[in-house]
Amino acid sequence: MSTEVPYVRSAQGRVHVFDASALPWQDTPKRGLRTLPIRRDDARGEYLGLIAFDAFTRSGLHQHQGIATSFILEGGLTDYHGPVHQHEVGINYKGSTHDAMAWVPTVLVSKLEGPVTYPRDAGVLSGIHAGSRHEDFRNPDPGVPPEINVRIDALPRRPAGVEGLARQDIYDYAHSDDDRRLVQWHLRPETEVPAWEATDWVELWVRGGELAVNTQRAHANCFVVVEPGATVRIASGYGALALVWAEGRERWLGGETGASLFGY
């Protein structure tokens, strides 16, 4: 399996745009599973990119040691809790223990924030989870479902405080030590967001339309990585829809505006 990735995290106050449609898919050791990584850190168990399942392919039994987010672009996955469908987000938390099955061809946007463990008798690791390793484990809370599935398009749209920008709040980390959010942005045509500074990592995946991020264009299936300390100017001439993972708050460069890009 190739370990080449187009980006390695480095906090230098920059903004990067990656067109996933122009990047190659990578095979994994398990037949029927492929990855298209933007970044992958096996030491930390972190991943951002796409994952593809052929029909009748399973991930194998595993346990998440950190938060994982999967947005289903095509198809769906099923575990003992039930299915997650197209255009839904499945959220796994630390301790989530399951085996995901794709009955139809499936593609998902994936963000992994911690290692994943597989049973010692699992054989060759699939390679779809960064930081995978063999380890004995048990389900730490069998009464809790292994994921939270969210129909994000059904969530209420909230004004973000910027003319032309609405926000759908998907989840936060309210009951953990982390200060993070996942939201979906709707930018109507001719929207301009005032300049802001990223206090921590912010990562976007453009679901539809097109954004201008500083001097770079980010159209559908582009990933945007905003490093801590970066100055960011976002605009959309003709409208855009994007998923946004925020590990910190925005700092408005023109003074406080009352706007909230990430729902803090």
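Two cavities of 30 Å³ or more are present in the structure, which is a predicted model. The largest cavity encloses about 270 Å³ of space, and about 30 Å³ lies in the second largest cavity.

The lining of the largest cavity is made up of 26 residues. Those that lie nearest the centre of this cavity are Ser-70, Leu-77, Asn-92, His-98 and Ala-100. Seen by secondary structure, two or more lining residues are given by each of β4 (46–53), β6 (62–64), β7 (68–74), β8 (77–79), β9 (82–84), β10 (89–92) and β13 (106–113). Strand β7 supplies the largest share of this lining, with four residues. By residue class, the lining of the largest cavity contains 11 nonpolar, 13 polar and two charged residues.

The second largest cavity is lined by Lys-111, Glu-113, Tyr-171, Tyr-173, Arg-180, Arg-181, Trp-245, Ala-246 and Glu-247. At least two residues of this lining come from β13, and at least two from β25 (240–246). Strand β13 thus appears in the linings of the largest cavity and of the second largest cavity. The class composition of the second lining is four nonpolar and five charged residues, with no polar residue. The nonpolar class here comprises Tyr-171, Tyr-173, Trp-245 and Ala-246. The charged class comprises Lys-111, Glu-113, Arg-180, Arg-181 and Glu-247.

Backbone geometry was also examined at two residues other than glycine. Phe-56 has a positive phi of about 65 degrees, although this residue is not a glycine. Phe-56 is placed in the loop between β4 and β5 (57–58). Strand β4, on one side of that loop, is among the elements that give two or more residues to the lining of the largest cavity. The relative accessibility of Phe-56 is 60%, and the residue therefore counts as exposed, the cut-off for that class being over 50%.

Asn-214 likewise has a positive phi, near 55 degrees, and is a residue other than glycine. This residue is found in the loop between β21 (202–213) and β22 (216–219). With a relative accessibility of 31%, Asn-214 counts as partly exposed, because this value falls between the limits of 20% and 50%. Phe-56 and Asn-214 thus each combine a positive phi with a position in a loop between two strands, Phe-56 being classed as exposed and Asn-214 as partly exposed.

Conventions. Residues are numbered from 1 along each chain as its sequence is written. This is a predicted model: local features need pLDDT of at least 70, side-chain atom pairs count only at pLDDT 80 or more; totals for chains, interfaces and linings use all residues. Side-chain values use heavy atoms; hydrogens and water are left out. On a 1 Å grid over the protein atoms alone, a cavity is a set of points where a 1.4 Å probe fits but cannot get out, and a pocket is an open set with protein on both sides within 12 Å along at least five of seven lines; lining residues have an atom within 4 Å of a point. Grid points are joined across faces, edges and corners, and a volume is the space filled by probe spheres set on the points. Buried means under 20% relative accessible area, exposed over 50%, partly exposed in between (1.4 Å probe, protein chains only).
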